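Student: Please take a close look at one part of this structure, the surroundings of ligand 2. Which residues are closest, and which polar contacts are made?

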Amino acid sequence: MTNLLVTGGAGFIGANFVHYWRRHHPADGVVVLDALTYAGNPANLDGLTGIEFVHGDIRDTALVEKLLADHGIGTIVHFAAESHVDRSIHGPAAFVDTNVIGTLSLLTAARAAWLTGPGHAHRFHHVSTDEVYGTLGPNDPAFSETTPYAPNSPYSASKAASDHLVRAWHHTFGLQVTTSNCSNNYGPYQFPEKLIPLFLINALHGRPLPIYGDGMQVRDWLHVEDHCRGIEACLLKGRVGETYNIGGGAELPNLIVIETLCAAVDAAFAADSGLAARFPDAPAAKGQPTVSLKTFVTDRPGHDRRYAIDETKARAELGYAPARTFEQGFAETLHWYLANEGWWHAVMDGSYRDWVATNYAV
Ligand code: NAD
Ligand code: DAU
């Protein structure tokens, strides 16, 4: 039994992790620290017991230090970040503030709380991304933990910087750290700025599906619950000071993901006549294929072509393997978004509409 501090626990992956941890480790106390930026939503934690929510900023070092002491925290799982690549192109500074300075602040607090005096048993788990490794050609080997860092976007550069800080706090100060670098997550509670929820919701409203460039960029799709299992494995079995790549085993070009999504929406409407009444603007409500909404738009600047994860190390050391195929995970995700219309309506507030106007302006 231990107490965890989960930063960014009101965001997409953090909230899924808190749900997962409460289901699988009910004896552990969980404190969620989240600044509730546009991407944070306390409703993502609805229905949970045994957690304490703290509305605060990871850059507030004194607050973090106090939380660690007051709650007897032995484990930090660090998700809090600015996470959207497109936003990092429009406004890079926030990414350095949160992802770099924020991580520095957490490390400073953890060192003060855990390494001064007699010291305490502890673990600092840092959640990072495969984007730190840069981009791959079609025949390049997948990213392994020894692939040199080559971040290409302000987002990935800020995550790479945070990874280096975590590594340095281990080597220099002896902080007990692990880091995981994972691929593209999808699943419940994902903010509708990322490809899958954005396209699902657009499809239901009959809005264009804006495909960047030729749509042949490749990502490895990881269901968020599989990711949570991977982080759990790092915490329980990971070697201190090590990094682990976590993938979904589903390397797909965007066009295939989009066509899968469109076909699944068509099938859902065919199977449930109530959907046409709920979403009358969807092409599927009028007997037209959802794929007719595909629209090719200007490419993202610096768009990485391909990511792929070699998860040999996580399999061998942690016994990690994704439990779902993309088809299974995507079907569950579509079902969740159709069943939770109230959730995504509530998050699509004014600031979200402003973002859409900025990012997709012609
Ligand atoms: P998200 O944008 O959905 O959530 C981020 C959360 O962090 C929000 O709740 C937000 O309010 C909070 N936050 C932001 N700034 C904060 C601050 N200064 N103090 C406290 N809280 C703050 O992000 P996500 O998709 O859930 O990603 C979580 C982590 O996983 C990030 O570190 C991201 O880099 C990493 N990651 C994400 C993916 C993905 O596909 N989504 C893949 C690889 C790695
Ligand atoms: O690889 C892990 C990363 O995955 C995480 O570190 C990031 O936090 C997360 O946002 C994600 O980054 P991507 O840029 O790959 O995700 P996104 O959902 O923004 O885009 C997925 C692909 O779809 C990418 O090639 C860009 C493309 N795309 C995206 C959007 C939003 C489009 O073609 N059109 C769009 O409107």
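Tutor: What follows describes the shell around ligand 2 and its contacts. This is a predicted model, in which local features need pLDDT of at least 70 and side-chain atom pairs count only at pLDDT 80 or more, while totals for chains, interfaces and linings use all residues. Residues are numbered from 1 along each chain as its sequence is written, chains are lettered from A and ligands numbered from 1 in the order in which they are written, and side-chain values use heavy atoms, with hydrogens and water left out.

Ligand 2 is surrounded by 25 residues, each with a heavy atom within 4 Å of the ligand. Ser-83, Asp-130, Tyr-155, Arg-300 and Tyr-360 are the closest. By class, the shell holds ten nonpolar, eight polar and seven charged residues; here Ala, Val, Leu, Ile, Met, Phe, Trp, Tyr, Cys and Pro count as nonpolar, Asp, Glu, Lys and Arg as charged, and the others, Gly among them, as polar. At least two shell residues come from each of α3 (85-90), α6 (195-205) and β8 (209-212), where helices (H or I, at least four residues) and strands (E, at least two) are DSSP runs numbered from the N terminus.

Polar contacts are pairs of N or O atoms within 3.5 Å. In one, an oxygen atom of ligand 2 lies 2.5 Å from a side-chain N or O atom of Asp-130. In another, an oxygen atom of ligand 2 is 2.7 Å from a side-chain N or O atom of Tyr-360. A nitrogen atom of ligand 2 is 2.7 Å from a polar backbone atom of Pro-210. Of the 690 Å² of accessible area that ligand 2 has on its own, the protein covers 95% (Shrake-Rupley method, 1.4 Å probe).

Technical notes: Polar contact = N/O pair within 3.5 Å; in protein donor to acceptor, adjacent residues only side chain to side chain.
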